[in-house]
Structures are given as structure tokens and as C-alpha cells.
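Hi,

Here is the structure I promised to pass on. Have a look at it first, and then read on for what turned up.

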Amino acid sequence: MERPSLVRAMLATPSARAGALAITAIVLFGLLAPLALPDPAAQPDIVGGALQPPSAAAPFGTDELSRDVLARVAVGARVSLAVAAVAVLLSATLGMLVGIVAGYAGGATDAVLMRIVDAGLAVPRLFVLLLLLAAWERMPLPALVVIIGVTGWLGTSRLVRAEVLQLRAEAYVSAAHALGAGPGRVMFRHLLPNTLGPLLVAATLAVGDVILLEAGLSFLGLGVRPPTPSWGGMIYDGRAVLTSAPWVSLFPGLAIVATVLAVNLLAGGLRAALSPREA
Amino acid sequence: MARWLAGRLLQALITAALAVVLMFFLVRAAPGDPLARLSEDRQLSPEAAAVLRARYGLDQPAGRQFRSFATGLVRGDLGTSIEYGRPVTELLRERLPGSVLLGGTVLLLTFGLGSWLGALQAVRRGAMDRLASAVALTLYATPSFWLALVLAWLVGIEWRLLPAAGMRDPLLPADAGALERLADLLRHLVLPSVTLAAVNLAATMRYQRAAMLEVLQQPWIATARARGLGDGAVHWRHAFRNALFPVVTLFGLWLPLLVAGSVFVEKIFAWPGLGALAADAVGSRDYPVLMGASLLVTALVVLGSLLADVAYAVLDPRVRRP
Amino acid sequence: MRRTRLALVTLALPALAFPLAGRATAQGSIVVVTGEHAAAPVPTVGEGTTANADVADQLFLRLAVPSPGRAAAGDRGFTPQLARSWSRRDSVTLVFDLDRRARWHDGVPVTSRDVVFTFGRALDPALAPVHAGLLAQVASVQAEGAHRVVFRFKRPYADQLFDATYFVSPIPAHLLDTLRPADLQRSAFVRAPVGNGPFRWVRSVPGEFIELAAVRNHFLGRPGVSRLVFRTATDADARINLMLSGEGDALIGAIPPLANRDRLLATGEIRLVTTPSNSIGYLLFNQRAPGDSTRPHPILGDVRVRRAIVAALDREAMVRSVFGPYAEVPYGPASGMLWISALAPDPAPRDLAAARRLLADAGWRDADGDGILDRDGRPLALSINVPATSAARRQMAVQAQEQLRQAGIRLEVLVLERPVWQERHVGGNFDIGFGSATQDATPAGLTQSWSCAGGSNVAHYCNPIVDSLMRRAQLSFGDVSPLWREVLDRVEADAPAAFLFAPVTVVAVHRRFERSAVLAGAPWLMLHSWRVRRGAELPRDRAAR
């Protein structure tokens, strides 16, 4: 499992290269494009200039407040990508740790951890977040991202645990034990690489979820505040004019889809690079 | 097995009880006034608010409120909805059929179709696999309300092929036959269930595909092939069964869909389910309805987890604990 | 624009009467699309929520109803319903004579006993706290014989007839007085009410719809259609979709969003009927420190800052952008349905220079050059609480944010979940609260929000001169227009809020209906007069029995 260059191995597949390229492009778009675009908060003419279809002046059209949709999609990338990257990494890591420990240790450890997960799944996330809102009125974005991450690992842990339950019975795990490998080594050297399948799927799927979740939170008084744009928020705001002015929500929606597809390609590469058996 | 199951059941019960207690105090600790909804049309006077607070026991300390909730629960009485002024058990009973019908259809479609398609992708890799992945992920990244609105607009409004909302046609004659009623129900079911299935399909497909790829590289698959088994038998009888773990887990995780549903989709299609009822109860802090709905969700969460654990043992006997 | 509002009212006029004559058999169905299922459509039970009242209005007659197109003021402007006539004995006593033809749907005659029974419930704060509050000025309701009811009031005031007729419709004593009063809410009667109105109960499918049928031999005349359905869709998009797909016939509150206008009209099947609305939206300035009502607000306690904010806002553009032609910028707290709104001049347009002048007078300058004014090292920064449920208000808050930025004011938009918003609003825990109010049909209700001791005066606005003007206007039976005009002028000058929008009610109605009157304040009260134009019937109209 010693890989001198994980990145190089990962990028050996063409699809992973395409994914990395696409993500780089989206990040650069979010960082650089706003420099050349109008102020995303400016409302030039809220009566006459609202909901204009795409044109040379506003390639993605304007929204219900006459703001430039392209500029908002570009600036929105910052919030949405930050949320996606940090929250997904956090929840995948936590889910993986809990899942591996529960599945490998079994017995009482497994029972306690999984019943905590059950209880967590039974209580709506909304109320936990509402309590946080009461306690922390003006939550900064980093804190929000961490909270999305640490409340999102429950399902992942169950998926990883299921995989470990199955793997634990495999011959090579007993062999590792026989050769004197400690529990830590077995869990992270032998079991972890083999749980990457469901873990990466969960992480990929979570990217789209958390971008929309962030927007949902702005309706609770959490999340980013106006006028800062985010992709999810733009989609929600464009809901009322979905059929009459589809460009308001279509372009941020396409941005999310592009991000998810790019992450999926990258995840495929990561799996190929880390999985011991995949050709 | 019986002892393991009994222990596991006990754990489930304790978990459910703890979750309900947690939920009870959490909803009351959350900011927001349960009478807010009643003052939306007209600001309540302080006197009127005091009477209503006393009527719903909101003036009592949380500990006492919990005691009356718990004693009511034992008798099967979940209290009276603050917003609707009706018994919660009645409200839940009215909404349960709609939820189970929609949730059941969606679970059937997602898991039946999803795991088949995912497995198919794994055994026939290539251009079709990549295309299917892209389509499924695109649908998954599409917000469910967005797809719901587009489908309602295209199919319900532009083409007028299917009803745009609701679970049944209120103008259906009173003497309509059972078949006519069933047809009416199915016509209303199509759009919401297709929306939810399309959005969720990617998850089962991806997990099934990943697990299948994993299993197909196992040495014993090669052994089975060497024994002369055909591709079909290897793939569908051996590999598929061993690759079901993630999908079974996911099913356990999604079982609450039967009652919780999808709030957005229920609302956009005006589907009379529990998801929308519970979401409205959150939005109005209708504590009794909220607790009733969360009881059902909790039951299905622990049941889903339990069923998944049982399924592991059935699928792969080596997993079973001593 | 201001004049058109009055013209709109008259649209409703010709359709006052029940369509008694003209057609041998009434047929057709009306499907009203609503946002909330009426769980208890029985007067004195359902806490008077709009959904319950809308259905109850079909089942139960009021003693009298405000006449469409006329302002309800004093004893004028009412049309008889359950009461055939009324007279005044003295300044605190009103006498109603019931129509002897009136019958409950089970055939039993309506008598004074029913009225006394109902008001006995409505006036009991333990049973009907909301109604008891609304009827606080009613001293007693007594029967004189089987068909005469006497209302006594605690003091003389102009709106006694309104109070006696508007809030409560009688319910049948002969079916209910054996029940314990508190049991009515859970009784079988609430699940299948027996009324005396133009429509009778058929069934309720909870969460989906309520079906009513016409009372063919109703003493006020046969309703224009045979079937009336209230169909529930809690989501605004679902409601619009039901109209666009041809499954719904009537919908209230389709606009905003303004985009819905073109979508509805594009079907060619729907027209839009407008009527004055009793709602009003405003940015309420907290005059006390947030969460501490003993201290003045450090910024908004200064009337110059409040006026500056009003001047810096382009309210006209905000209203046009969100409502199009379907709202006006109000002058003072007067919604379009209040007759005093006709007294008001046009509000002042945006004046950024005046806003800057006022702020400079108050000592706010941009000392650090960051574009935001400051005083003693503190920036001119405020936050506005907006309920998340209202897309229109969210949109307007972001517009205000940008417009105030141009005046050097930083406005933080706090979108809050509705119950949280409410809790903070009532608790006075805000700088600026984006509020809206549904006003009573008479200006007397303004004391609730805009007098020193008003129960809903959460921002602690207090001007004793305004209080005394309002008191005098309520007690006088003469022409009170000058008094109310002065109230509006003084409130505008005090700027307790930026009065932002007074919408008209927009009702989408299927084109096949004629005599489709919509009444301001109680939009569905005239459904009994609607009927399907001859030859325009749809298949489902014929299917109805």
C-alpha cells in the first residue's frame, strides 16, 4: 500500500485527469472571473432590468433584482465550493472512522456507536441547527461548514461499517492478525482501502447535497446572508420564476451538476489508485 | 440467533425511547413560539395568548409537560394539535396512507430499478456505463423541487397528460367504481413517485455498481468462472448477492422515507403525506404533531437499522456474531 | 394609480343578490384552491383562522354582511343576511330582527336562542379567547322573543354594528347546547357541521379537500352552482399549478410573484379580479434597544434617522418590482380596504439628498471613508429581521439593503424561520422588523399597533397626540375624516415605520363564471352568487348533480 505518489497514480487515468481539470477550472472561475464581471450585489434597475434573458451584456441573464446571474454564479462558487470541499471531507472522514471502528471492534463498541447513529438519524438535523442559531446569532461561514460536516456523517458510517462487517470475515484479515498486525494496522492498512467503494460514492453524492443544504440553512437564519450569493441560494430564489425565467436557477444548477460530475471522475481515479485489486 | 435478535430488539427500544426524550426537550428548547401560527392573521392579545397557552399546557414547566406526554403516550393519546385543534393520532392516521403509498412506490422503484441498473453497469462497463453514471449523477444533483416543478409544468400543465397535484380528483363522481378510483389514484401517483425515484436512483445505482466492481475482483469469482459457470450465473447468482451489503444498508437508512417522505415533493404535488404535515408542524412549532410524527420516524429509523443487521446475517452467515 | 383602487371596488357591485331567478336548475362546480385545510370550519371553534372562516362563511350566515363596494362605517354599508332588519334603541343598544324564513340544514328554524347561545360562547375568554378579545366592547346579547336579539355595548362608538355582525355567525343551539362547551372542538359536529348558509356539508378528505353542496331551497335564493369544493395545496407553486392545469377555478393571492400574472393570463381560461386588501407591509423601526425596552434605541430612537431611512428607500420602485400594478405605497398605516386610505395624499418619493441631510443633522458622517456613515467611532449599521416564508419580503429586504447602502447605512438582512421571527418581533428583539398586518375593516383597529398602550405595539411607538386623535375619532358619530387625516399625517411625520406596500387582493377566476363577485376582507363570501355562463359548461360541471 506504500504509494510514493498518490497524486500521480490517481491522475494516471484519463477520467481522473478530466475531473481534476474541471475542478481546477471551476475554482479558477470562482476566484478570477468576478474581477472582470459586474458587482454581483448591484441592482441597476429593479423595475426595468429584472429577469432579462441572457444577452451579450449579461450572458446568463439577470435575476429578479436585476443582478447579473453570471457574476453571482462566479462569486457563488466560493461559498458553495468551500462548503462542498470542507463539509464533505469532514463528514466522510468521521463516517469512515466511526464505521471502521464499529465494524471492526464489534460487540459493545459497535452497539453503542450504531445506536448513537440511530438516535442521531431519528432527531431532525433542523432542531440541532435551530438550537445553534439561538446560541450563536451571527455564525461565520467556517463554523457553519464545520457544523454541516459534523452533522452529516451518520449515514456514511453505517455504509462503511457494513463493508467492514463483510471484510472482517475475509481470509486476508485473519492472515494479517496471524502475522501480528495490531488493530490499528488492520483497520487502516487492510480494511480502509477496501471500504473506499461506498465511501467515495457517499462523498461524491454528498457534494450536491451539502451545496443545497447550505442554501436551505440560509432560510433558518444560518448560512450566508444576503447579498452574498451561493449556488444553492440562487436555485431556491429562482424557484418562483422557474418557468418564466429559467436562467435564474438553471445556471447555478448546471454549476452544481458540473461540480458533482467532476468530483465523480476524480473519485473514480482515487479509487483506482488506492484500491489494491482494481486493474 | 434468537438471543442476538432479542438483545438487538432491546437496544432498538432503548434507542427509540432515548431519541424521543431527546426530541421532546430539543423542540421545546429551540427558539420559536407555537402560537405564532395563530397570530399570523391577527396579532393575539396577551389575554388570548395566555388562555391558549394554558389550553395546550404550554404554560407548564417542560418536566411536567413531558410527564403528561408520557402518560398520554402509554394510553395511545398523543394530545391535540395546536394548529388544527384535532387529536394528533387522527391527523397521523389520515396522512399515513398517502405517505406509505408514495414512499413505498419510491422505495420499490429506487431499490428494484437502481440495484439492477447499478449491477448492469458494473458487468457491462464502457460507454453506456459512463453515460448512465453521468445521467444518474445529474439527476441526483438536481434539487427534487426543481425536477418536481419542471415535471408538473411539462406533463401537468403544458401537455395536461396527468394531474398537476393532489392524490385524488375531488370531482370524481360519488358513485365511481373501485377501478375508476384506482386509476385516478395511480394517475396522481405518477409524477411525485417518478420525481423522487429519478432523483434518488443515482444513490442505489452508484452503491450497487461500486460494490459489484469490488466483488467481481474477488478471487473466488475467478474460481467460479474456472469451474465453468457462465457469466450470467456468476454475475447474478454469486456476485450480486455478495454485493448487496451497501444497498441493504441504504435501504435501512431510507426506510423512514415511508413516513417522512420528501417535504418538497409532497408540497409541490400537494400530496397529503406526513412529510408535509411534519414540516408544517416544524414551521408552526406544533409540538404535539411534531412529537407524533417523530415517533413514527424514530420507529422506522431503528427498524431500518435492525432490518439491515438481520439482512447482513442472512446474506453472509459469516457476519453473524456469537 | 391611487384612483384606480377605488374604481376596482365597484367591479363587485352588480353581483350582490343571490341568483334567485333565471335558471331552472343550477349546475356546475367551483373548485376554490386554498393554502390550508379548514380543520374546524365552525364559528367560535376554529380560532377564526382564515381557512376556517372561508369555509364557515359558506355554511353559516352572518346577521349582516358589509355591502360590496361600500365602506363599512358606523351603521351604514351593510346588507341583511340572517337578520332581516336592525334598529338602534340608544347609543349602546342595537336590536336585530331575524329573518323568520331562516332554517338550519336539518330543517329546524333559526331563532334568537341560537344567536344568544353562540355569543355566549364567543364572549367567553376561556372558550374562544380570540373572539372574546375582538368582542371586548359587547356587554351582553339577549333574546326578546323567538326572533329578536338585543346587543348591548359597554360604551358608545361608531363600529358597533360591525362588531355585532362581522366576527361571529350563529351556530345551532338545538344541536350543541347539550354538549359540554369545551367538548365542541372534538365533537362530531365539527367533523360534519350543520349550518344555515347557502351551502351544506358533504364531506371532508383531510389534507385534500372539503366538498359542499348547494342548498336548493335556501330562503335567500338558490346558489348559482350545485357543488363547491375547497381544495388544499399548502405550497404556493402547487396552487398555481392547479389553476394552470385547469383543475382549479379560483385562487386568492396568486401575486406576488408577479411572473404568475402572465402565466395565468396565458392560459386564456383565467381572468384576474382585484379587490381592496386589508393587509399592509412595513419596515418597523424599534424605538427601544433590542431586547431591552427600558432604553431608547441607540440609532433608531432618533426621528431624523427614521425619516432618513424612509427617504433613502425607493419604495415606489420596490413595489413596482415585486407587485407590479397590484400594490401601492401607503401613506401611514392605512391598507387599501380602510376607508381612510382615500384621505391620504401620495407618499413622498425617494430623496437621497434629504436622507443624507437628515443623517448629517443627526451627527452621522463618514469619518473613516469606508462608505458607511459613523458617529463616535460606531458605524451606522442596523439589521432587519425578515420571515423566511415570504419571498416577496425577502426580495424587498435585499432591495432595501442596496438602497440604504447608497445612503451610507449598512443593513444586515437576517432571514429567520417564521416562529423565530415572530418570537423576536413580539419580544421587541430587533432593529428593523419587516412586518405585515391584516387590518380590521374599520380604522379603530389601528390603536392596537400605533397607540402608546396598544397590545401589538411591539416597537414602542408613542405619540399622545395621535392617541387622543384616534380616541376622538372612534367615539364620534359625525364626520371623522379630518381627525383620521391628522392621524395619518402625524404618524408619517413620526416615521415609526417605513410603510412599504398596501397590496390589492388578486383573485384568479376561471372565465366560465359570471357574477363572480369577490368581497374585500372576506373574499369567498359571495361564492353563492357565482354561476357558470350558459354554454360555457365544462364536462365536470355537467357531471355535478
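The crossing of α4(A) over α1(B) is right-handed. Keep in mind that this is a predicted model. The two helices sit in separate chains: α4 covers residues 107-122 of chain A, and α1 covers residues 2-29 of chain B. Their axes come within 9 Å and cross at roughly 40 degrees. Angles from 35 up to 65 degrees fall outside both the roughly parallel and the roughly perpendicular ranges, so α4(A) counts as oblique to α1(B).

Which residues meet there? On the α4(A) side you'll find A:Ala111, A:Arg115, A:Asp118, A:Ala119 and A:Ala122. Facing them from α1(B) are B:Gln11, B:Thr15, B:Leu18, B:Ala19 and B:Leu22. By type, the residues of this contact split into six nonpolar, two polar and two charged. The charged ones are A:Arg115 and A:Asp118, while B:Gln11 and B:Thr15 are the polar ones.

Now for chain A as a whole. How many helices and strands does it have? The count is 12 helices and zero strands, so reading from the N terminus you just get one α after another. The C-alpha trace of chain A spans about 75 × 45 × 30 Å along its principal axes. Chain A has 279 residues, and 52% of them count as buried. As for contacts within chain A, take those between residues at least 6 apart in sequence: 73% of them join residues at least 24 apart.

If you open the model, α4(A) and α1(B) are where I'd start, given the right-handed crossing described above.

Cheers

Conventions:
Residues numbered from 1 in each chain as written. Chains lettered and ligands numbered in written order. Predicted model: local features only at pLDDT ≥ 70, side-chain atom pairs only at ≥ 80, totals over all residues. Helix = DSSP H or I, 4+ residues; strand = E, 2+ residues; numbered from the N terminus. Buried ≥ 20, exposed ≤ 12 C-beta atoms within 10 Å, placed from the backbone. Contact = placed C-beta atoms within 7 Å. Axes fitted to C-alpha atoms, helices over the stretch in contact; angles between N-to-C directions. Parallel < 35°, antiparallel > 145°, perpendicular 65-115°, else oblique. Left-handed = near helix turned anticlockwise from the far one by under 90°.
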